[in-house]
Amino acid sequence: FTCLFGPCPWMNVIPLCSQHCLTAFGGIIAIPLILSQGLCLQHDGLTQSHLISTIFFVSGICTLLQVTFGVRLPILQGGTFTLLAPSMAMLSMPEWTCPAWTQNASLVNTSSADFTDVWQSRLRALQGSIIVGSLFQMFVGFSGLIGLFMRFIGPLTIAPTISLIGLSLFDSAGGSAGNHWGISSMTTALIILFSQYLRHISVPFPTYSKDKKLHTSRVYVFQILPVLLGITLSWLICYILTTFDVLPAQPDMYGYLARTDLKGDVIGQAPWFTFPYPGQWGMPTVSLAGVVGILAGVISSMIESVGDYHACARLSGAPPPPKHAINRGIGIEGLGCLLAGAWGTGNGTTSYSENVGALGITKVGSRMVIVAGGALMVIMGVFGKVGAVFTTIPSPVMGGMFMVMFGVISAAGVSNLQYADMNSSRNIFIFGFSMFSGLVIPNWILKNPNAIATGVIELDQVFQVLLTTSMFVGGFFGFVLDNTIPGSKHERGILAWNKAHKDDSSNTLESEEVYNLPFGISAALSSSAWLRYVPFCPGGRPGSLDGSGADTNSLEPKLFPGRPEPAQIIVGVGL
């Protein structure tokens, strides 16, 4: 299915775009289900399905915007775990603690005005914070300040920040998995089996082409869809165990939450068609504490996305993205977070590393495939039954997936240390202290919520959110210590980091062919000399440099033997 410089055939586009969407399903579905705990929605499957439909819908729109007007690389957009940590920290504040009656399924009346006000007030507070935080990301991107940020941020800042995103969610993973350790262990084992032991085994699939007619082609399905396959198989086994009443039917017995009929009426209640719209949960509210916490997540998301851009460009055969494309990509991601906040997903959007890994596997760098994938996610967001189906996944199955997913996220952060000299006692101290502080301080603050008392309520709330967000605490200490303790750029890993993310390669498409704006916009702007000083506008003349007129909707990957894969690619393949 390798698409050269011509347009990718629709017969190939459909399975390839479905593959990209399926690869991202695990992360996209997990975010609303985790947020539902802080939003007091554990026992309201119908609202959970609405949140899943909304995040699908917005992710599709953001994907179309990014591929068309953003960085223009074939990279999918979806919910981000970097905003999940500060969101959960915000919802853990005393004023947002869920009422005791919302934790008891027998006491929850999902149609009552009291219950609706409980979860909508929390979601509106998240919406407002995300909207304000997204404005900062748009400013940083479109103003070109992302380059200034990256000068001071190296592996010793990124490693604890990303690692603590996964580590801070251990309680959520343990709580879900502990509802039935047998089911969760089976899910984890299946994902490990598919992603690690069977990833090099190809499976024959029937394929049709004009030349060969109906024939079989071999697909590395275990390498592409390990999470989805693991969840689906465990889900099926839970359904069989529920049908034959092997799992307990009494709510107070261990293993009851592994049943698949707990939310059986959700699929029937969910409408066939739903159209998410901005402000569907009411007018967003803004709090200083929420905004400051979300800003910490936004900064982490921007750093992660810059790495994803370079990895995606390398795998799709494009030259490293120029400054104007990176600025535009970060700005469009900020716009995507703004839309996600306005629509009420409870989260933002970011570039998906899983999608980058899929590029390396399929050897197809086609924009048309990702455009079709974005359109597919929009369609899925409109079909209400789709989101309802995913809410019936038993809690232990999700817990098993969390065990793998959050572990991989933590390891992805640590992998950034490969650029730094870890034989240096300076670097060992910075990383170790940052990681340990990022675990100790939030844990102590959560156990002592009244310890912060400055006399100013707003300031107390800001400190409460920041100091209970592990990624902020660890990233803050890593940033300050790395930029103040004396050390050479080689020792800090700055030189190796910059080389890895700016490494150019020959035999790739010309930069202007790939990153210029579409629909002749670059040609129209080329007559205005002053626009070359706009950070997100292409500086050179648009169009083909060699006059070939190649269609850049498809970017042919050129993989070089012996070249090491970026850490983001390895993480994507693992997921």
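**Surface patch and salt bridges**

Isoleucine 240 is located in helix 10, which spans residues 226-243. The model analysed here is predicted. With a relative accessibility of 40%, isoleucine 240 is classed as partly exposed, because that class lies between the limits of 20% and 50%. Isoleucine 240 also contributes to a nonpolar patch on the surface, with an area of about 620 Å². The other contributors to this patch are Leu233, Leu236, Tyr239, Phe244 and Val246.

Charged side chains were examined next. Side chains of opposite charge can pair when their charged atoms come close. In this model, the count of salt bridges comes to four. Among them is the pair formed by aspartate 245 and arginine 259, whose closest N and O atoms are 3.6 Å apart. This pair links distant parts of the chain, as its two residues are separated by 14 positions. Both aspartate 245 and arginine 259 lie in the loop between helix 10 and helix 11, the latter comprising residues 264-269. The two partners differ in their accessibility: aspartate 245 has a relative accessible area of 54% and is therefore exposed, whereas arginine 259 is buried at 7%.

Arginine 259 takes part in a further salt bridge, in which its side chain meets that of aspartate 261 at an N to O distance of 3.0 Å. Aspartate 261 has a relative accessibility of 42% and so counts as partly exposed.

Another salt bridge is formed between arginine 426 and aspartate 482, with 3.0 Å between the closest N and O atoms. The residues of this pair are 56 positions apart and connect distant parts of the chain. Arginine 426 belongs to helix 18 (residues 425-447), while aspartate 482 belongs to helix 20 (residues 470-484). Arginine 426 is assigned to the buried class because its relative accessibility is 9%, and the cut-off for that class is under 20%. Aspartate 482 is likewise buried, with a relative accessible area of 1%.

Through shared partners, salt bridges unite Asp245, Arg259 and Asp261 in one network. Within this network, arginine 259 is the buried member, aspartate 245 is exposed, and aspartate 261 is partly exposed.

Notes: Residues are numbered from 1 along each chain as its sequence is written. This is a predicted model: local features need pLDDT of at least 70, side-chain atom pairs count only at pLDDT 80 or more; totals for chains, interfaces and linings use all residues. Side-chain values use heavy atoms; hydrogens and water are left out. Patches are made of residues with over 30% relative accessible area and no salt bridge: like charges are joined within 9 Å, nonpolar side chains (Val, Leu, Ile, Met, Phe, Trp, Tyr) within 5 Å. Accessible areas come from the Shrake-Rupley method with a 1.4 Å probe; for residues, only the protein chains shown count as cover. Helices (H or I, at least four residues) and strands (E, at least two) are DSSP runs, numbered from the N terminus. Buried means under 20% relative accessible area, exposed over 50%, partly exposed in between (1.4 Å probe, protein chains only).
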